[in-house]
Amino acid sequence: MWRALASIILATTVVSCGGGSNTTAPNGNNGNNPPNNQPGGSVKVVTATINGAPFTATTVVGAWLNGAGISITAQNATRTISISANNVPGPGTITFGIGNQWSALAQIVGDATNGTFSTGFGGTGSLTLTTATLLRITGTFTFTAYTVAGGGLGQPVVTVTNGTFDISN
């Protein structure tokens, strides 16, 4: 009898504690209306802070190419963040800067006012890939990049901090 009662209590507890369709994920997404919802239900979110100002992409394309590399392009009305690297086997941290083993490059492409900056002109930084599947990539990034107009390793400089990405296809 006690076993039957315990089974009923356990079953009731499991059913009542199950998450409903309105649960909230850590990124604030309730699962029913993902941020930057794209056709087919994919999520494409890239945010960062560029020289102290918030950046949120309105157009995002990104993929991990099953060990061959990673590519992320995130654009809003005034700037584009572009990140690429070769031979990225999976989750882990890669570095930006001249001569890195992944040929990794991070860039900010802007209009005539905002300029174009690249880690290829002497900048540094890193990308931490947390999830790497053919259907989803997530992680963080930060970098400092220079413009060719500043002669590289000089002024002007752009600093990107708090970069995050969550891209699913």
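**From one side-chain contact to the whole chain**

A polar atom in the side chain of Thr-142 lies 2.8 Å from the backbone oxygen of Val-160. The model in which this contact appears is a predicted one, and the paragraphs below start from Thr-142 and work outward.

Thr-142 belongs to strand β10, which covers residues 136-146. With a relative accessibility of 33%, the residue counts as partly exposed, because that value falls between the limit of 20% for buried residues and the limit of 50% for exposed ones. When its neighbours within four places in sequence are left aside, Thr-142 is in contact with Phe-96, Gly-125, Ser-126, Val-160 and Thr-161, so that Val-160 appears both in this list and as the owner of the backbone oxygen in the polar contact. The pair formed with Phe-96 spans 46 residues in sequence, and the C-alpha atoms of Thr-142 and Phe-96 are 9.3 Å apart in space.

Phe-96 leads on to the aromatic residues, since Phe-96, Phe-141, Phe-143 and Phe-165 form one aromatic cluster. The structure holds three aromatic pairs. Within the cluster, Phe-165 is a residue of strand β11 (residues 157-168), and its relative accessible area of 3% makes it buried, because the limit for that class is 20%. Leaving aside the neighbours within four places in sequence, the contacts of Phe-165 include Val-45, Val-46, Ile-72, Leu-127 and Leu-129, and also Ile-137, Gly-139 and Phe-141. Of these partners, Ile-137 is 28 residues away from Phe-165 in sequence, while the two C-alpha atoms are 7.5 Å apart.

A second polar residue can be followed in the loop between β6 (92-96) and β7, where Asn-100 is found. How accessible is Asn-100, buried or exposed? Its relative accessible area is 13%, and Asn-100 is therefore buried, the limit being 20%. The side chain of Asn-100 has backbone partners on either hand: a polar atom of this side chain lies 2.6 Å from the backbone oxygen of Gly-97, and the side chain also reaches the backbone nitrogen of Ser-103 at 2.9 Å.

Beyond that loop comes β7 (residues 105-110), which pairs with strand β5 (residues 79-86) in the antiparallel sense over six bridges. In this pairing Arg-79 stands opposite Gly-110 in β7. Strand β7 also pairs in the antiparallel sense with strand β8 (residues 116-118), here over three bridges, and Ile-108 stands opposite Phe-117 in β8. The strands β7 and β8 form a hairpin with five residues between them, and Gly-115 in the turn has a positive phi of about 75°.

Positive phi values also occur in residues other than glycine, as two asparagines show. Asn-51, whose phi is about 50°, has its place in the loop between β1 and β2 (53-56), and at 49% relative accessibility it counts as partly exposed. Asn-87, with phi near 55°, sits in the loop between β5 and β6. Why is Asn-87 classed as exposed? Its relative accessible area is 54%, and Asn-87 is exposed because the limit for that class is 50%.

Seen as a whole, the protein chain comes to one helix and 11 strands, and along the sequence the helix is followed by the strands, in the pattern α-β-β-β-β-β-β-β-β-β-β-β. Of its 169 residues, 37% are buried, and the accessible surface comes to about 9300 Å², with 58% of that area belonging to carbon and sulfur atoms. Among the contacts between residues at least 6 apart in sequence, 49% join residues that are at least 24 apart.

The confidence of the prediction should be kept in view when the chain is read in this way. The mean pLDDT of the protein chain is 77, and 71% of the residues reach 70 or more. Among the elements, strand β1 (residues 44-50) has the highest mean pLDDT, at 97, whereas helix α1 (residues 2-17) has the lowest, at 28. Over residues 1-39 the pLDDT stays under 50, and for this stretch the model has 21 contacts beyond four places in sequence.

Terms used: Residues are numbered from 1 along each chain as its sequence is written. This is a predicted model: local features need pLDDT of at least 70, side-chain atom pairs count only at pLDDT 80 or more; totals for chains, interfaces and linings use all residues. Side-chain values use heavy atoms; hydrogens and water are left out. Rings of Phe, Tyr and Trp (its six-membered ring) pair if their centres lie within 6.5 Å; planes under 30 degrees apart count as stacked, over 60 as edge-to-face and the rest as tilted. Helices (H or I, at least four residues) and strands (E, at least two) are DSSP runs, numbered from the N terminus. Buried means under 20% relative accessible area, exposed over 50%, partly exposed in between (1.4 Å probe, protein chains only). Contact means heavy atoms within 4.5 Å. Accessible areas come from the Shrake-Rupley method with a 1.4 Å probe; for residues, only the protein chains shown count as cover. pLDDT is the predictor's confidence in each residue, from 0 to 100. Two strands pair if DSSP finds at least two bridges between them. A polar contact is a pair of N or O atoms within 3.5 Å; within protein, one must be able to donate a hydrogen and the other to accept it, and residues adjacent in sequence count only if both atoms are side-chain atoms.
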